[in-house]
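Got your viewer open? Let's take a walk through this structure, one selection at a time.

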Amino acid sequence: MKNIVFAATAIVSAATMTVAARAADVSDTAYDWSGFYLGLNAGAGFNNSKVNHDFNYTGPDVSGGGSASEINNLLDNVGANLKSDETAFTGGGLIGYNWQHDKLVFGVEADLNYAGFGNDRSNNISNQLNDLGELLGDPGAGDENLSATARTSFGADWFATLRGRVGFAADNFLFYGTGGLAYGKMEGSVKIDATELADDDPETDRYYTGSTDATNLGWTVGGGMEYGIDNWSLGIEYLYVDLGSANWRRNLGATQNDDEDQLVGITGKGDVDYQFSVVRASAKLRF
């Protein structure tokens, strides 16, 4: 009996030691997400930026022409707003660092990316500009027969982010949320080209240009997952990027107010809201 108990105890002890050893091996060989890494990303950007624009006349009624309200009613139809709804390629490089504590992974990551956004629309506003000339008291407006086009455009060259990351590691899988700063080169414009068809030698002139072209600072938030293989990891990520807005203010032109013997201007005001989403895959080399 004692021999049987001894043998059983030995077997149980050996089995326990084997299980413990295997558990230790698994713990020792669990994927380590800590350290520096470099990588590349590529994917699609979904743009929903907006270009808004309007003209405004703030002067009095024009002697020999239209009233201020008539002028502004006509100006409402001059220009061309744009809501960009496009999908474009985006890709770039990234660098980052992770700290791992048990199953929690904290990190910081920076990236610089090409942005292939570009959209525009054009409106024929010939009738509006001819009518505007008459309302402003220009006696030659009806004879000049302006042929005019308003073109609204949006474009983006690049964007970059600097983000913090917090994740949960399940061995070779890492699930994380991310957020931080975003910045990028964005531009928007409204341009009006006009040609005087009655001229013996018609030439198209730039009648009005309002634009913004600057590097904007904003924010981004998103999440993703990665799978680690040796010192590589492959991942997929979603980011929402908001780069704020930019605006401009330009004069369309001026008209003579006979009653007050002064020039009264028409002002064009525009603004652009920059927002887009990104879905991309990444490959990272860990050191």
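## Stop one: arginine 286

Select arginine 286: with a relative accessible area of 7%, this residue counts as buried, because anything under 20% does. Keep in mind as you look around that the model is predicted. Arginine 286 sits in strand β11.

Now add asparagine 231 to your selection. The two residues are 55 places apart in sequence, yet their C-alpha atoms are 5.1 Å apart in space.

Next, show the side chain of serine 233. The side chain of arginine 286 makes a polar contact with the serine 233 side chain, at 3.3 Å. What else does arginine 286 contact, leaving aside neighbours within four places in sequence? The list includes Tyr31, Trp33, Phe36 and Tyr37, and also Asn98 and Glu226.

## Stop two: phenylalanine 276

Stay in strand β11, which covers residues 262-286, and pick phenylalanine 276. Phenylalanine 276 has 1% relative accessibility, so it counts as buried.

Turn on leucine 243 too. Its C-alpha atom is 8.8 Å from that of phenylalanine 276, and the two residues are 33 apart along the chain. Leucine 243 is also one of the contacts of phenylalanine 276, once neighbours within four places in sequence are set aside. Others among them are Phe46, Phe117, Phe159, Met186 and Tyr240.

## Stop three: glutamate 86

Jump over to strand β4, residues 86-101, and click on glutamate 86. Which side chain of opposite charge is nearest to glutamate 86? That would be lysine 83, 11 Å away. Glutamate 86 is buried and has no salt bridge.

So what does its side chain reach? Show the backbone of glycine 118: the glutamate 86 side chain comes to 3.1 Å from the backbone nitrogen there. Not counting residues up to four places away in sequence, glutamate 86 touches Gly45, Phe46, Asn47, Phe117, Gly118, Asn119 and Phe154. Phe46, Asn47 and Phe117 may ring a bell: phenylalanine 276 is in contact with them as well.

## Stop four: a pair of helices

Last selection: helix α2 (residues 68-75) together with helix α3 (residues 126-135). Their axes come within 10 Å and cross at roughly 170°. That angle is over 145 degrees, so α2 runs roughly antiparallel to α3.

Show the side chains to see who does the touching. From α2, the contact is made by Glu70, Ile71, Leu74 and Leu75. From α3, look for Gln128, Asp131, Leu132 and Leu135.

How values were computed
Residues are numbered from 1 along each chain as its sequence is written. This is a predicted model: local features need pLDDT of at least 70, side-chain atom pairs count only at pLDDT 80 or more; totals for chains, interfaces and linings use all residues. Side-chain values use heavy atoms; hydrogens and water are left out. Helices (H or I, at least four residues) and strands (E, at least two) are DSSP runs, numbered from the N terminus. Buried means under 20% relative accessible area, exposed over 50%, partly exposed in between (1.4 Å probe, protein chains only). Lys and Arg count as positive and Asp and Glu as negative; His and the chain ends are not counted. A salt bridge is a side-chain nitrogen of Lys or Arg within 4 Å of a carboxyl oxygen of Asp or Glu. A polar contact is a pair of N or O atoms within 3.5 Å; within protein, one must be able to donate a hydrogen and the other to accept it, and residues adjacent in sequence count only if both atoms are side-chain atoms. Contact means heavy atoms within 4.5 Å. Axes are lines fitted to C-alpha atoms, for helices over the stretch in contact, and angles run from 0 to 180 degrees between N-to-C directions. Angles under 35 degrees count as roughly parallel, over 145 as roughly antiparallel, 65 to 115 as roughly perpendicular and the rest as oblique.
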